[in-house]
Amino acid sequence: MEAKIGTTRVILISGDITEQETDAIVNAANPGLMGGGGVDGAIHSKGGPDILKECRIIRQTLWPDGLPTGEAVATTGGRLKAKKVIHTVGPIWSGGNKGEPDLLAQAYRSSLTLALRMGLRTISFPSISTGAYAYPIEKASRVAIKTVIGFTERNAGIEEVRFVLHSYNDLQVYEKALAEYMI
Ligand code: AR6
């Protein structure tokens, strides 16, 4: 499924984010930036040790106490097809009254802002927070779609935003959110 927002294509596919050839792929990381399971584990294992090496430097120089939820930083893509990995931290779901929607929106916005600043034109996102962090995917998909479209309406320069959903079911949830948003 695809939508055109100004000069930006928003594309939804099912697949593996580590296979994407966009300028950047986004990692759903944790504040420690030292890797983990899920999409984080897949990116580090396929991208190789240079990603972790740069994460260590970022921790030492920029974020000694860890990357706060909603912030984003960039490293090399290592052995991945993508030139850069943008690491962001989504919120852990704890019922929905702890600012989770705003924090999730911030994670998408910070990633897009960093991509623009770095001159990256195409970017792939996973479904941030909907795995280990347990954010209900129907709710998360609406925040993700609204935030990305809102950002691209206000900021020119990103040519393509690709959501790479890990299952066909997740893809259908995002397709519904996009279809409802476009009405
Ligand atoms: N490509 C695309 N999507 C994927 C892939 C992949 N290769 N692998 C998993 N997903 P999660 P979170 C989907 O848990 O909820 C990590 O341990 C997955 O099906 O990766 O933000 C970090 O280190 C789900 O829909 O991220 C943190 O500690 C989505 O990616 C914590 O998990 C996000 O699931 C972050 O949790």
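**Note on the predicted Macro-domain model**

1. Extent and overall make-up. UniProt, in an unreviewed entry, lists residues 1-182 as "domain: Macro". The structure discussed here is a predicted model. Over residues 1-182, helix accounts for 41% of the chain and strand for 20%. The end C-alpha atoms of that stretch lie 12 Å apart.

2. Main core. The largest nonpolar core holds 36 residues. Those with the most contacts inside it are I86, Y108, I123, F125, F163 and Y174. Strands that give two or more residues to this core are β1 (2-5), β2 (8-14), β3 (24-28), β6 (122-125) and β7 (160-165). Helices that do so are α3 (100-117), α4 (137-154) and α5 (168-182). The largest share, eight residues, comes from α4.

3. Y174 as a way into that core. Leaving out residues up to four places away in sequence, Y174 touches L12, Y108, S127, I137, A140, S141, A144, I145, F163 and L165. Two of these partners, Y108 and F163, are named with Y174 among the core residues with the most contacts.

4. Second core. A separate core of 15 residues is also present. Its members include I25, I43, C55 and V73.

5. Ligand surroundings. The ligand is surrounded by 22 residues. The closest are N30, G37, V39, D40 and G131. The protein covers 87% of the 700 Å² of accessible area that the ligand has on its own.

6. Polar pairs with the ligand. The side chain of D16 places an N or O atom 2.9 Å from a nitrogen atom of the ligand. N30 has a polar side-chain atom 2.7 Å from a ligand oxygen atom. At Y133 the protein atom belongs to the backbone: a polar atom there is 3.0 Å from an oxygen atom of the ligand.

7. V85. This residue sits in strand β5 (residues 84-88). Is V85 buried or exposed? V85 is buried, because its relative accessible area is 0%. Beyond its neighbours within four places in sequence, V85 touches I25, N27, I43, I51, V73, A74, T75, T76, G77 and L80. I25, I43 and V73 from this list are also named as members of the second core. One of the contacts, I51, is 34 residues from V85 in sequence, with 8.0 Å between the C-alpha atoms.

8. H87. This histidine is also placed in strand β5. H87 counts as buried, because its relative accessibility is 1%. Which side chains make polar contacts with H87? The side chain of N27 does so at 3.2 Å, and the side chain of T75 at 2.9 Å. Leaving out residues up to four places away in sequence, H87 touches N27, A29, L33, H44, I51, C55, L67, E71, A72, V73 and T75. N27, I51, V73 and T75 appear in the contact lists of both V85 and H87.

9. T122. Strand β6 contains T122. T122 is classed as buried because its relative accessible area is 14%, under the 20% cut-off. Its side chain reaches the backbone nitrogen of D23 at 2.8 Å. Apart from residues up to four places away in sequence, T122 touches T22, D23, A24, E159 and E160.

10. K83. The loop between β4 (72-76) and β5 carries K83. K83 counts as exposed because its relative accessibility is 53%, over the 50% cut-off. Leaving aside neighbours within four places in sequence, K83 is in contact with T22, D23, T75, T76 and G77. T22 and D23 are touched by T122 as well as by K83. E21 is 62 residues from K83 in sequence, yet their C-alpha atoms are 8.2 Å apart.

11. Backbone points to check by eye. Most residues other than glycine have a negative phi. S129 has a positive phi of about 80° and is not a glycine. A134, also not a glycine, has a positive phi of about 60°. The loop between β6 and α4 holds S129, and A134 lies in that loop too. How does burial compare at these two sites? S129 is buried, because its relative accessible area is 5%. A134 is partly exposed, because its value is 45%.

Methods: Residues are numbered from 1 along each chain as its sequence is written. This is a predicted model: local features need pLDDT of at least 70, side-chain atom pairs count only at pLDDT 80 or more; totals for chains, interfaces and linings use all residues. Side-chain values use heavy atoms; hydrogens and water are left out. A nonpolar core is a set of buried Ala, Val, Leu, Ile, Met, Phe, Trp, Tyr and Cys residues joined through side-chain atoms within 4.5 Å. Buried means under 20% relative accessible area, exposed over 50%, partly exposed in between (1.4 Å probe, protein chains only). Helices (H or I, at least four residues) and strands (E, at least two) are DSSP runs, numbered from the N terminus. Contact means heavy atoms within 4.5 Å. A residue is near a molecule or strand if one of its heavy atoms lies within 4 Å of it. A polar contact is a pair of N or O atoms within 3.5 Å; within protein, one must be able to donate a hydrogen and the other to accept it, and residues adjacent in sequence count only if both atoms are side-chain atoms. Accessible areas come from the Shrake-Rupley method with a 1.4 Å probe; for residues, only the protein chains shown count as cover. UniProt positions are given in the numbering used here, feature names are shortened, and annotations may be inferred rather than shown by experiment.
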